[in-house]
Amino acid sequence: MEILDILISASFWAAAVRIASPLIFATLGELICERAGVLNLGIEGIMVVGAFAGWMAVYSGADLWVGVGVAMAAGMLFGLLHAILSVPFGLSQHVVGLGITLLATASTYFAYRVALPQVTNPPRIEAFKELPIPVLSDIPIVGQALFAQTPLTYLAFVTAAVVAFVLYRTPLGLAVRAVGENPHSVEAQGLSVTALRMGAVVVGSGLMGVGGAFLTMSAFNSFFFEMVNGRGWICIALVVFGAWKPGKALLGALLFAAFDALQIRLQQTSLGADIPYQIFLMMPYLLSILALVVMSRRAEVPAALMVPFNRGER
C-alpha cells in the first residue's frame, strides 16, 4: 500500500519530472552526436563544466538566462575540441571522449579554486523558481507534475520536440541522420560530412552543458563537484534505450527519474527501516539496466557510429 500511495501522489511525479529534466537535455545532446556517427564520451565532463560555468556567471551578476547561455557556450567549446580531434583527425572517439571528460572536470576544479580560493561552502545563487501555468497546473496529479515546474523543465520538453522535428521533418535532420548511416552517400550529394558531424557534436555538447546548468540553476542553487554524479553515463545508456529516437529517449529519462524518485521515498517508509539504504540507491540503476537489455535487443545502431570518415574512400 505504501508503494501505491507513492505512485499515485502528485509530488512523486513532480519530482520524477524534475529529476528527468537535466537527463533530457544531455540525452538529446548525446543522441544528436550519435545520430551523426560520433560517440561523445565527454558528456560527463561537459555537464560538469556547464553546471559550473552557468552558476559562476549568475554568481558574478549575470541574469539566469544569460547563465544558461554561458553554460551552453562552455559545452559547445569543449564539444568543438572533441569534434576537431575525432572528426577531421579521426582519432579514437573513446579516447577523445574520456580525455574531454578528464580535461573538463580538471579545468572546472582549477577555475573554481582560482575564482573562489577561500571558499569552503559553495556560495548560493537565486535559482529559477517554479512557474505554474494557469488552469493547467490545477489538473489533479498531471498539473503539478507537468505544469508547475521551473522554466528550464518546460524548455527541456520543448527541446525534445524541436530535436524530433528537426531530425525527422527537415533536410538538415535528414543530412545529420545520413552521415550517421552512410556518409559516402552524403558526400556524393555534395555535402560536407565533416561539417555536419562537427556541427552535430558542437550543438549536442551545448545541450549537455545546459543539462549541467539545470543542476546548479534549477534543481539546486549552488555548485559542488559531485552533483553530476554519473548522470552523463546514464544519458549514454538512455540513448540506446530510446533506440536513437528523441521520443523514446525522453520516455527513458522519465522512467529512470521515476525509479530514482521512488527509491528516495521508499527509504522513508517502513521498508527503509528493514532494508539497507544501499539497496534503494542501486534500484534505479538495476531497473534501468534491465530495461536497457530488453530494449536494446531491438534497437538499430546507426551504421556509421564510431566509424571515421575519410573523403574519397569506400
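The following dialogue discusses pockets, a cavity, a surface patch and two backbone angles in one predicted model.

Me: What kind of model is this, and how are its residues numbered?

Reply: This is a predicted model, in which local features need pLDDT of at least 70 and side-chain atom pairs count only at pLDDT 80 or more, while totals for chains, interfaces and linings use all residues. Residues are numbered from 1 along each chain as its sequence is written, and side-chain values use heavy atoms, with hydrogens and water left out.

Me: How should a pocket be read, and how much space lies in the largest pocket?

Reply: On a 1 Å grid over the protein atoms alone, a pocket is an open set of points with protein on both sides within 12 Å along at least five of seven lines, and a lining residue has an atom within 4 Å of a point. A volume is the space filled by probe spheres set on the points, which are joined across faces, edges and corners. Here the largest pocket holds about 310 Å³. Its lining comprises 18 residues, and Ile 32, Val 163, Val 166, Val 203 and Leu 207 lie nearest its centre. Two or more lining residues come from each of α4 (64-86), α7 (151-169), α8 (171-181) and α10 (193-219); helices are DSSP runs of H or I with at least four residues, numbered from the N terminus. The largest share, 7 residues, is from α7.

Me: Which classes of residue line the largest pocket?

Reply: Ala, Val, Leu, Ile, Met, Phe, Trp, Tyr, Cys and Pro count as nonpolar, Asp, Glu, Lys and Arg as charged, and the others, Gly among them, as polar. The lining of the largest pocket has 14 nonpolar, 4 polar and no charged residues.

Me: What is the volume of the second largest pocket, and which residues are closest to its centre?

Reply: The second largest pocket has a volume of about 260 Å³. It is lined by 15 residues, with Asn 229, Arg 231, Asp 260, Gln 263 and Tyr 285 closest to the centre. By class, this lining has 10 nonpolar, 2 polar and 3 charged residues. Helix α12 (246-266) gives the most to it, with 4 residues.

Me: How does a cavity read, and how many of 30 Å³ or more does a search find?

Reply: A cavity is a set of grid points where a 1.4 Å probe fits but cannot get out. The search of the whole structure finds 1 cavity of 30 Å³ or more. Its lining consists of Ile 24, Thr 27, Leu 28, Ala 160, Pro 246, Ala 249, Leu 250 and Ala 253. Both α2 and α12 give two or more of these residues, and α12 supplies the largest share, 4 residues.

Me: Which residues form the nonpolar patch on the surface?

Reply: A patch is made of residues with over 30% relative accessible area and no salt bridge; nonpolar side chains (Val, Leu, Ile, Met, Phe, Trp, Tyr) are joined within 5 Å, and like charges within 9 Å. A salt bridge is a side-chain nitrogen of Lys or Arg within 4 Å of a carboxyl oxygen of Asp or Glu. Accessible areas come from the Shrake-Rupley method with a 1.4 Å probe, and for residues only the protein chains shown count as cover. The patch here consists of Ile 3, Leu 4, Leu 7, Ile 8, Trp 13, Leu 136, Ile 139, Ile 141, Val 142 and Leu 146, with about 790 Å² of accessible area together. Helix α1 gives the most to the patch, with 3 residues.

Me: Which phi does Trp 244 have, and is this residue buried or exposed?

Reply: Buried means under 20% relative accessible area, exposed over 50%, and partly exposed in between (1.4 Å probe, protein chains only). Trp 244 has a positive phi of about 60° although it is not a glycine, and it counts as buried because its relative accessibility is 3%. Met 306, also not a glycine, has a positive phi of about 70°; Met 306 is partly exposed, at 36%.
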